[in-house]
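This report introduces selected features of one protein model to a new reader. It takes up aromatic pairs, a helix contact and a pocket.

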Amino acid sequence: MLPFADIDFYLLFFLLVPLLHLAKLILRGRVSLAATIAFLSLFFVAVYYPKPVQLLAFTAYQCLFTWLLLFKWRRLHGLLGCLILALPMVLVKLDVEVDTLGFAGISYITFRCVQVYLDGEQLRERFRFTDFIGFLLFTPSLLAGPIDRYERFKGDLDQGWSRLNRSALIAGWELIVLGLLHKFVGAELVDRYWLGRFAQESTAAADMAGIMYGYAIYLYLDFAGYSLLAIGLGRMMGVELPRNFDRPWLTETPPDFWKRWHVSLGDWLRDYFFRPIYKSLSGIQRLRTWPLLKQNIALFSTFLLMGCWNGLEAHYIVSGSLFGLYSVAYNSYQYQNRKHKRNFWGSTPSWAVRAVSILIMVQLTCFALYVFSGRFPYLH
């Protein structure tokens, strides 16, 4: 089941938004926006999901253990707590046959729960189940992100019904139209008239190059289009979801790429995986004089996790490792430049440095995404 991919989703969308704005007129002053969004999110699950019991059972599991970890098991080691919350997702990635698991959205819900748990010290006093349910099951971002933060999401809800206004409807509608153009016009044209021209498993250089560049453009248009649709729908419902793409093809360096491509995932991995790993490595006596090694281990581990999160198939793991290697190589290059106070580019004009850097990053990114696609013939 893909988000924003079938007519039923849009029919439900055109029902939910008017219902929410009608509720503003009827319920304002009596029922909070947070409670209404939580109810509509549960309604969406019950109506749209093929087997809603699966998602509701998983949500109950996550709510129970998030509450226990926040308020009852506060002395439990953070890693163990994260493993408890991530266990259902891990079972799915390992292809364990469990009837109540294996549905769209399980990874994104897990990431939200881990964020709330790890930020517990700041969130504990402001935690409310109504907000938490709405946060986990919020209709636009339920199936494939963007990955929001509880405190940011709650901040929107705390502003109440004032978030629902004419300007929000107009801004949301503009984003939805732009998303539709990306996903159902641009991506469809690339898939049909570009990718369709090449033999998918060919080892001929022309076919491989055509698929590599075509898939990178297709994936961007499809995923960025979905993100725009999710953000637009969220805006119309009073919630401003974080942006996920920001001109990624103008990227000059690997770290800059993850500030522009799937931004919400990159930020989440930085805050809740890279930094804890680096902090743990800093506590190892033998590594205290090896700052570059600590950084590179944490970087590569982060991108390896990202690959495994997409799936345990070889093409996902290798693509994640490639992005890890790019980041490690660039980080080492920057470290050596700072250490020896040198500039590799010398007196080269800044525009030329920028142009060459972008060209290199485009090639590296397209190749890693080509591997990610599962169409790279040498991994079959």
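The structure, a predicted model, holds 41 aromatic pairs. In one of them, the ring centres of Phe 135 and Tyr 150 lie 5.6 Å apart and the ring planes stand at 80 degrees, so this pair is edge-to-face. Distant parts of the chain are linked by the pair, since Phe 135 belongs to helix α7 (residues 129-137) and Tyr 150 to helix α8 (residues 150-158), with the two positions 15 residues apart in numbering.

A contact between two helices comes next. Helix α4 (residues 78-93) packs with helix α5 (residues 106-118) at an angle of about 180 degrees, and the axes are 10 Å apart. Because angles over 145 degrees count as roughly antiparallel, α4 is roughly antiparallel to α5. On the side of α4, the residues that meet α5 include Gly 78, Cys 82, Leu 85 and Met 89; on the side of α5, Ile 106, Phe 111, Val 114 and Tyr 117 are among them.

Both helices also take part in a pocket. The second largest pocket has a volume of about 910 Å³. Its lining comprises 28 residues, and Leu 79, Cys 82, Tyr 272, Phe 273 and Leu 305 lie nearest the centre of the pocket. At least two lining residues come from each of α4, α5, α12 (263-282) and α13 (291-310). The largest contribution is that of α12, with nine residues.

The residue classes of the helix contact and of the pocket lining are set out below.

| Group of residues | Nonpolar | Polar | Charged |
|---|---|---|---|
| Contact of α4 with α5 | twelve residues | four residues | one residue |
| Lining of the second largest pocket | 20 residues | four residues | four residues |

Methods
Residues numbered from 1 in each chain as written. Predicted model: local features only at pLDDT ≥ 70, side-chain atom pairs only at ≥ 80, totals over all residues. Heavy atoms only, no water. Axes fitted to C-alpha atoms, helices over the stretch in contact; angles between N-to-C directions. Helix = DSSP H or I, 4+ residues; strand = E, 2+ residues; numbered from the N terminus. Parallel < 35°, antiparallel > 145°, perpendicular 65-115°, else oblique. Contact = heavy atoms within 4.5 Å. Nonpolar A, V, L, I, M, F, W, Y, C, P; charged D, E, K, R; others polar. 1 Å grid on protein atoms, 1.4 Å probe; cavity = no way out; pocket = protein on both sides within 12 Å on 5 of 7 lines; lining within 4 Å. Points joined across faces, edges and corners; volume = space filled by probe spheres on them. Phe/Tyr/Trp six-rings, centres within 6.5 Å; stacked < 30°, edge-to-face > 60°.
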